[in-house]
Amino acid sequence: MNTRTLPPTGLSVSSAPSGREPAVQRLDQAPKGHVCTVRHVQADPQVPERARQLEEIGFYPGERVTVMTRGFPGGDPIVVRIGQSTFALRGAEAACVHVEPALQAQ
């Protein structure tokens with residue numbers, strides 16, 4: 001399995017307050033309404049251009065993303081908000097984006 005980490009954007013990814021690494025999960029498994037932070041985009045060997053396409057629409061490490069809603073039935077596609085843009089992603093596309101829960105401002 002190939003993993004492609006996109007170049008840093010100048011934004012940092014922080015650890016959880018306890019010092020433990022936050023749990024990383026795929027975007028297609030992220031709970032609806034929770035703000036997450038993009039950790040990395042994994043290349044899909046079946047569709048090599050997918051990671052680049054996700055990068056072009058703003059899925060960079062450190063960006064905040066929220067799952068807004070899921071299609072019915074089956075939850076595919078999912079609607080996500082990243083930055084000021086909203087996109088509908090197929091489950092296979094969202095599965096390439098690995099996220100962690102965003103830390104809340106204190």
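Which residues does Val99 touch, not counting residues up to four places away in sequence? This tour of a predicted model begins with that residue and then moves outward to the sheet, the core and the charged pairs.

**Stop 1: Val99**

Select Val99, which has its place in strand β6 (residues 97-101). With neighbours up to four places away in sequence set aside, Val99 touches Ala23, Val24, Gln25, Arg26, Leu27, Ala30, Cys36, Thr37, Val38, Arg39 and Val65. Is Val99 buried or exposed? Its relative accessible area is 0%, so Val99 is buried. Now add Asp28 to the selection: the C-alpha atoms of Val99 and Asp28 are 9.6 Å apart in space, although 71 residues separate the two in sequence.

**Stop 2: Thr37**

Move next to Thr37, one of the residues that Val99 touches. Thr37 is found in strand β2, and its relative accessible area of 9% makes it buried. Not counting residues up to four places away in sequence, Thr37 touches Gly62, Glu63, Arg64, His98, Val99, Glu100 and Ala102.

**Stop 3: The whole chain**

Zoom out and display the chain as a cartoon. The protein chain has two helices and six strands, and along the sequence they follow the pattern β-β-α-β-β-β-α-β. Of its 106 residues, 36% count as buried. Among contacts between residues at least 6 apart in sequence, 70% join residues at least 24 apart. If a surface is shown, the chain exposes about 6,500 Å², and carbon and sulfur atoms supply 51% of that area.

**Stop 4: The sheet**

Colour the strands separately. In what order do the six strands of the open sheet lie? The order is β1-β6-β2-β3-β4-β5, and the pairing is antiparallel. At the edges stand β1 (25-26) and β5, each with a single partner strand, so one side of each is left without a neighbour in the sheet. As background, strands of a sheet pair through backbone hydrogen bonds, either parallel or antiparallel.

Walk across part of this sheet, starting at β2 (residues 35-41), which pairs with β3 in the antiparallel sense over three bridges. Select Cys36 here: it stands opposite Val65 in β3. Strand β3 (residues 64-70) is in turn joined to β4 by five bridges, again antiparallel. Arg70 can be found opposite Ile78 in β4. Beyond this, β4 and β5 (residues 85-89) pair in the antiparallel sense over five bridges. The bridge partner of Val80 in β5 is Phe87. Finish the walk at the hairpin of β4 and β5, which has two residues between the strands; there Gly83 takes a positive phi near 60 degrees.

**Stop 5: The two faces of β4**

Show the side chains of β4 (residues 78-82). Which of them point to the buried face? Ile78, Val80 and Ile82 point to one face and are buried, whereas Val79 and Arg81 point to the other and are not.

**Stop 6: The nonpolar core**

The largest nonpolar core has 18 residues. Select Leu27, Phe59, Val65, Val80, Leu89, Val97 and Val99, the members with the most contacts inside the core. The elements giving two or more residues to this core are β2, α1 (50-56), β3, β4 and β6. Such grouping is a general tendency: in soluble globular proteins, nonpolar side chains tend to be buried together.

Val97 repays a separate selection. Leaving aside neighbours within four places in sequence, Val97 is in contact with Gln25, Arg26, Leu27, Val38, His40, Val41, Leu54 and Phe59.

**Stop 7: The salt bridges**

How many salt bridges does a search of the whole structure find? The search finds four, and three are visited here.

- Select Glu100 and Arg39, whose closest N and O atoms are 2.5 Å apart in a salt bridge. The pair links distant parts of the chain, with Glu100 in strand β6 and Arg39 in strand β2, 61 residues apart. Glu100 counts as buried at 3% relative accessibility, while Arg39, at 28%, counts as partly exposed.
- Select Arg50 and Asp44, whose closest N and O atoms are 2.8 Å apart in a salt bridge. Both Arg50 and Asp44 are buried.
- Select Arg52 and Glu56, which meet in a salt bridge at 2.8 Å, N to O. Both lie in helix α1, four residues apart, about one turn of the helix. Arg52 is partly exposed at 38% relative accessibility, and Glu56 is exposed at 56%.

**Stop 8: Two cysteines**

Finally, select Cys36 and Cys96. Cys36 counts as buried at 3% relative accessibility, and Cys96 counts as buried at 6%. The count of disulfides comes to zero.

Terms used: Residues are numbered from 1 along each chain as its sequence is written. This is a predicted model: local features need pLDDT of at least 70, side-chain atom pairs count only at pLDDT 80 or more; totals for chains, interfaces and linings use all residues. Side-chain values use heavy atoms; hydrogens and water are left out. A disulfide is a pair of cysteine sulfur atoms within 2.5 Å. Buried means under 20% relative accessible area, exposed over 50%, partly exposed in between (1.4 Å probe, protein chains only). Two strands pair if DSSP finds at least two bridges between them. Contact means heavy atoms within 4.5 Å. Accessible areas come from the Shrake-Rupley method with a 1.4 Å probe; for residues, only the protein chains shown count as cover. A nonpolar core is a set of buried Ala, Val, Leu, Ile, Met, Phe, Trp, Tyr and Cys residues joined through side-chain atoms within 4.5 Å. A salt bridge is a side-chain nitrogen of Lys or Arg within 4 Å of a carboxyl oxygen of Asp or Glu.
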